[in-house]
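Open the model in your viewer and keep the selection panel handy. We will take the stops one by one.

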Amino acid sequence: MNSPSFLARAEVLITETGSRLTGARVRVLGFLLAQQAAVTHHDIEGALGGAEKIDRVTLYRTLDWLVAQGLAHKMMSEDRVWRFRANESAAAHRQHAHFKCERCATMICLGGMAAAAKSLALPPGYRALEVEMTVKGLCPACA
């Protein structure tokens, strides 16, 4: 679940924001850093249960805070459920793509969008702030 290295990395990232270091922030970000794919609020709640369970409202607020700080991003798929993923850097969440498996709904982040985003031809006077792209297909397990 949360290995010491992911928790230590979470502490460093949160401390770099200049904000208060809380147990909930560290545990949630540590969990997100350990994941290979985007996860739902329900997934996080289930994984971080146990003796030191984070209540639902605190979890929602923590996820919102992580997103606002650029430490995580959220995406919604056709099932209208938000999925969360830790960011490699605060700038990385602004321009990247996702791959969504049409069969199992697994979502992963794809790199290499920064160059593609810069090459978009916008009409004169328009300025892009964020670029989102989702590639849909089948993951290796479903293909």
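The tour below goes from a helix to a core and then to a sheet.

**Stop 1: helix α4**

Keep in mind that this is a predicted model. Select residues 56-68, which make up helix α4. Its 13 residues reach 18 Å from the first C-alpha to the last, close to the 18 Å expected at 1.5 Å a residue. Now show the side chains of L59, T62, L63, W65 and L66, the buried residues of α4. They cover an arc of only 160 degrees around the axis, which means that they sit on the same side of α4. Turn to the face pointing away from that buried side, and you will find the exposed residues R61 and A68.

Next, look at both ends of the helix. At the N-terminal end, D55 acts as a cap, with a side-chain oxygen 3.1 Å from the backbone nitrogen of V57. Just after α4, select G70, which takes a positive phi of about 80 degrees.

**Stop 2: what α4 packs against**

Which elements do the buried residues of α4 pack against? Colour α1 (4-16), α2 (23-34), α3 (41-47), β2 (72-76) and β3 (82-86) to see these partners. For a single example, centre on L66: leaving aside neighbours within four places in sequence, L66 is in contact with V28, L29, L32, L71 and A72.

**Stop 3: the largest nonpolar core**

The largest nonpolar core holds 22 residues. Select V28, L29, L32, I44, L63, L66 and L71, the members that touch the most other members. Colouring by element helps here, as α1, α2, α4 and β3 each supply at least two residues of this core. The element that gives the most is α2, with seven residues.

**Stop 4: the sheet**

Switch to a cartoon view and find the three strands, which form an open, antiparallel sheet in the order β1-β3-β2. β1 (39-40) and β2 stand at the edges with a single partner strand each, so one side of each has no neighbour in the sheet. Between β2 and β3 the antiparallel pairing runs over five bridges. To see one of the bridges, select H73 and its partner R85 in β3.

**Stop 5: R85**

Stay on R85: is this strand residue buried or exposed? R85 counts as buried because its relative accessibility is 14%, below the 20% cut-off. A polar atom of the R85 side chain lies 3.5 Å from the backbone oxygen of Q35. Leaving aside neighbours within four places in sequence, the contacts of R85 include L32, Q36, A72, M75, I108 and C109.

Key:
Residues numbered from 1 in each chain as written. Predicted model: local features only at pLDDT ≥ 70, side-chain atom pairs only at ≥ 80, totals over all residues. Heavy atoms only, no water. Helix = DSSP H or I, 4+ residues; strand = E, 2+ residues; numbered from the N terminus. Expected span 1.5 Å × (residues − 1). Buried < 20%, exposed > 50% of the residue type's maximum accessible area, 1.4 Å probe, protein only. Arc of directions from axis to C-beta. Contact = heavy atoms within 4.5 Å. Polar contact = N/O pair within 3.5 Å; in protein donor to acceptor, adjacent residues only side chain to side chain. Core = buried A, V, L, I, M, F, W, Y, C linked by side-chain atoms within 4.5 Å. Pairing = 2+ DSSP bridges.
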